[in-house]
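Colleague: Could you take me through one part of this model in some detail? I would like the cut-offs spelled out as you go.

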Amino acid sequence: MRKLQGPVAKALYLYVLAMGLFHLYTAVFGSFEAYLQRAIHLTWVLPMVFVLYPFAKNKSGEPETSVPWYDWVLAAAAAAPGLYSMFTYSQIIMRMQGVDELTTVQIVLGTVLIVLLLEGTRRIVGLPIVLVALAFTVYTLVCDSHWLPSVLQGVPTEYSRMVEGMYLTDEGIFSSSLGVSATFVMIFLIFGGFLEKSGVGEYFMEFAQAFTGTQAGGPAKIAVLSSALFGSISGSAVANVYGTGSFTIPLMKRIGYEPHFAGAVEAVSSAGGQIMPPVMGAGAFVMAALLGVQFNKIIIAAVLPALLYYGAVLLMVHLTAVKNGLKGLKASELPSKTSVAKRLYMMAPIVLLVYMLLAGYTPMYGAVAGIVTAWAVSLPNKERRMGPVRILQAIHDGSVGIPIICVACASAGLVVGSVALSGIGFKFVSAVLSIAQGSRFFALLLIALVSLILGMGLPTTSAYILGAALGVPALVKLHFMPIAAHMFVFYYAIISNITPPVALAAYAASSIAGSSPNKTGWTACRLGFLAFVIPFAFCYDPGLLFQLGWGKNILSIVSGVVTLLAVALGFTGYARGPINIVWRALLFAGAAVALHPSTLLSLAGTAVVIALIFLSNLPMAKPQTATATGNS
């Protein structure tokens, strides 16, 4: 990313600030019609990519401080298609898709937009998503070719009709995925800027330090708790790793955790932030849009799986610390609980946001209310008090993070448009059903594999959009609940961040910890094992998503908690003392049965695990003697 200076830097600051103020205005007073709002959003963002991100990295390693002439030309060209859409909007919405012929200007501008969007995506997101989007776009044009196998052949599409679908409708580049970036994501990024400037983000860390820092393995628990709080707002696993890991990983190493384990704790905690309500990252907003439900429905469905995920990680780091005699930090090194409790009002923006989302208000109104509350809670603190300058800085700092999400969503729209135009989605559903041979479990395995592969090279939101476009229809065809199918794909897109060989969150954490990336990734997979299992469980038992009656939901909570205990004890091999391999195997078996959708089997598995814990003298407690070995 370029570090611009002088008048260009000042002009860009005002440009980004104006963009943030525009989106704040539409959040408060209402967005424009969908296609127009998305066109304005992309037209504002895409030129920034060519101004801020160079064609290639500087060989010297130093960031560029000026913009070459050709990138100014590309920035202007990137704005042209959107400006045309805005000025001719009334004509565009009156067109009849597939009937009215495209003008030469429309074909040229549509082509320019597709090419520059792909180039901008390459610069800011990376090559993998470009290759995927390009492959689907080209496939749309050649899908009726005789040299393709019949299973891959689709509906023939002329070039002009492909451009029409991608550029002049809301089913391609300007699809709902870009709409989420233009509305929800943008306002929540600004909300994040206010949380940072007001001191609320810093308070999250202090809260985690004060209440977990002195316990066994305190720094690891700080990492888990702070990442859960911070990650729900940031929506990016890698950003979360760098945001909290630069503090927590050195502390974990200091008390005796091995580097790869410290990095794994931070990686798995940071990845989970995207499944932790209330915000859950951009993908959750896309999910609500695709399902056509209020966002509070997504929050309610996500609560129990997220709590089980973090509960398992927290318990495993606790047992590992107790097993290896790893102490916490001294109270003198941490914020006092009293001082933190006195400032509990700092949680008000998040509490209000959760209330408004659950009460049925739109995420836009919830975020605006949170922004106002974040400003209010900053007033008692002279160092953090937000005057006009800080308010504008918060709007700017939040808005400047939108390009990577915007262009990724727009590029994912190329795939969505290709699926609609070519009919490949129906082919994929047929292929999955044919390979699975009617086995629902095998179909879930196939979709999980596809989602993991997509997530290894793409941002979570893009991987989820592609997985949802291809995989969800197949799962719904097999009679899984739509919300469970979407959550399934979403989970596997997220946990690809910790799954080698391409585990971006684990790589980021290993760079801080000074450990092997693959060893860190595999350790993170072990810590986050429940995240691989729970999606299968809630597809068969929607009670884990609170989608059944109260009786079933309560049984799902009990079985989920019991599974959490069994998995943590089984993987760490420790409770009061070491657990032998037979008991560990029995714990895993009991956990698997406890998650069975059959009420009778679930109760039986739950009873078995409880019996193993209590009757086998395995209650969790600190040993009376321990040595600080530092092993994990």
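Modeller: Happy to; here is a close look at the cavity, followed by some helices and the two domains. This is a predicted model, so to speak of local features we ask for pLDDT of at least 70, and side-chain atom pairs count only at pLDDT 80 or more, while totals for chains, interfaces and linings use all residues. Residues are numbered from 1 along each chain as its sequence is written, and side-chain values use heavy atoms, with hydrogens and water left out.

Let us start with the cavity. The structure holds 1 cavity of 30 Å³ or more, and the largest cavity has a volume of about 30 Å³. A cavity here is a set of points, on a 1 Å grid over the protein atoms alone, where a 1.4 Å probe fits but cannot get out; lining residues have an atom within 4 Å of a point. Grid points are joined across faces, edges and corners, and the volume is the space filled by probe spheres set on the points. The lining is made of Ala39, Leu42, Thr43, Leu46, Ala78, Gly82, Leu113 and Phe174. Two elements, α2 (34–52) and α3 (69–87), give two or more residues to this lining, and the largest share, 4 residues, comes from α2. Helices are DSSP runs (H or I, at least four residues), numbered from the N terminus. By class, the lining has 6 nonpolar, 2 polar and no charged residues. In that count Ala, Val, Leu, Ile, Met, Phe, Trp, Tyr, Cys and Pro are nonpolar, Asp, Glu, Lys and Arg are charged, and the others, Gly among them, are polar.

Next comes helix α17 (residues 363–378). Its 16 residues reach 22 Å from first C-alpha to last, close to the 22 Å expected at 1.5 Å a residue; the expected span is 1.5 Å times one less than the number of residues. Because 12 of the 16 residues of α17 are buried, α17 is largely enclosed by the rest of the structure. Buried means under 20% relative accessible area, exposed over 50%, and partly exposed in between (1.4 Å probe, protein chains only). The buried residues include Pro363, Met364, Gly366 and Val377. What covers them includes α1 (6–29), α8 (176–198) and α14 (295–324), with contact meaning heavy atoms within 4.5 Å.

Helix α23 (residues 482–495) is mostly covered, with 13 of its 14 residues buried. Its end C-alpha atoms are 20 Å apart, which agrees with the 20 Å that 14 residues should span.

Ser399, in helix α18 (residues 388–399), counts as buried at 0% relative accessibility. Leaving aside residues up to four places away in sequence, Ser399 touches Val16, Met19, Gly20, Met186 and Ile190.

Finally, the domains. The chain is divided into domain 1 (1–539) and domain 2 (548–617), with bounds from an automatic or database domain assignment. Their C-alpha centres lie 34 Å apart, and the contact takes 16 residues from domain 1 and 14 residues from domain 2. Helix α27 (residues 550–572) holds Trp550, which is exposed with a relative accessible area of 71%. The C-alpha atoms of Trp550 and Ala284 are separated by 25 Å, with the two residues 266 apart along the chain. Ile554 also lies in α27 and counts as partly exposed at 47% relative accessibility.

Terms used
On a 1 Å grid over the protein atoms alone, a cavity is a set of points where a 1.4 Å probe fits but cannot get out, and a pocket is an open set with protein on both sides within 12 Å along at least five of seven lines; lining residues have an atom within 4 Å of a point.
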